[in-house]
Amino acid sequence: ASSAKRLKTIETLANAGVPVGVMNAPIIPGLNHHEIPGVLHAAANHGALGAGMTVVRLNGAIGKIFEDWLRKNFPDRFDKVWNQISSFH
């Protein structure tokens, strides 16, 4: 679902008295972390009462796949992002 539809769902549920929370995941330091405040603000404005988050997890072969994708798509930020992610694991 698009973000607009998700926000509408939050609003619909909140207006019906259903307590709504949002999950912000995966957080990728250096790539999408700057979007968190805007996402949480929009969710709160539509009725969300709480939020959770999780940092990207790179279990098993996913780590190598993500590393390759990151290196190819964000070579200018690769070292910074990869080091931050690695420090969490």
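Here are four short exercises, with worked solutions, on the predicted model above.

**Exercise 1. The largest pocket**

Find out which elements line the largest pocket, and describe the lining by class.

*Solution.*
- Start with the pocket itself: its volume is about 380 Å³.
- Next, look at the lining, which is made up of 16 residues. Those nearest the centre are Arg6, Val22, Met23, Asn24 and Val39.
- Now assign elements. Two or more lining residues come from each of α1 (3-15), β1 (21-27) and α2 (36-45). With 6 residues, β1 is the one that gives the most.
- Finally, sort by class: 11 of the lining residues are nonpolar, 3 are polar and 2 are charged.

**Exercise 2. Helix α1 and what comes after**

Check the span of α1 against the value expected for its 13 residues, then inspect the phi of Gly17.

*Solution.*
- Use 1.5 Å a residue, counting one less than the number of residues. For the 13 residues of α1, this leads to 18 Å.
- Compare this with the model: the end C-alpha atoms of α1 lie 18 Å apart, so the two agree.
- Move on to Gly17, just after α1, where phi is positive at about 90°. For background, most residues other than glycine have a negative phi.

**Exercise 3. Along strand β1**

Decide whether Asn24 is buried or exposed, list its contacts, and then look at the peptide bond from Ala25 to Pro26.

*Solution.*
- Place Asn24 first: it belongs to strand β1.
- Its relative accessible area is 13%. Buried means under 20%, so Asn24 counts as buried.
- Leave out residues up to four places away in sequence, and the contacts of Asn24 are Ile36, Val39, Leu40, Gly52, Met53 and Thr54.
- Pro26 also lies in strand β1. The bond that leads from Ala25 to Pro26 is cis, its omega being near -10°. Most peptide bonds, by contrast, are trans.

**Exercise 4. The two faces of α4**

Work out why the buried residues of α4 lie on the same side of the helix, and say what is found on the face turned away.

*Solution.*
- Pick out the buried residues of α4 (residues 78-88): Phe78, Val81, Trp82 and Ile85.
- Take their directions around the axis. They cover an arc of only 95°, which puts them on the same side of α4.
- Recall the helix geometry: with 3.6 residues a turn, residues three or four places apart point the same way.
- Turn to the face away from the buried side, where Asp79, Lys80, Asn83 and Ser87 are exposed.
- To finish, ask what covers the buried residues of α4: the cover includes α3 (62-73).

Terms used: Residues numbered from 1 in each chain as written. Predicted model: local features only at pLDDT ≥ 70, side-chain atom pairs only at ≥ 80, totals over all residues. Heavy atoms only, no water. 1 Å grid on protein atoms, 1.4 Å probe; cavity = no way out; pocket = protein on both sides within 12 Å on 5 of 7 lines; lining within 4 Å. Points joined across faces, edges and corners; volume = space filled by probe spheres on them. Helix = DSSP H or I, 4+ residues; strand = E, 2+ residues; numbered from the N terminus. Nonpolar A, V, L, I, M, F, W, Y, C, P; charged D, E, K, R; others polar. Buried < 20%, exposed > 50% of the residue type's maximum accessible area, 1.4 Å probe, protein only. Contact = heavy atoms within 4.5 Å. Arc of directions from axis to C-beta.
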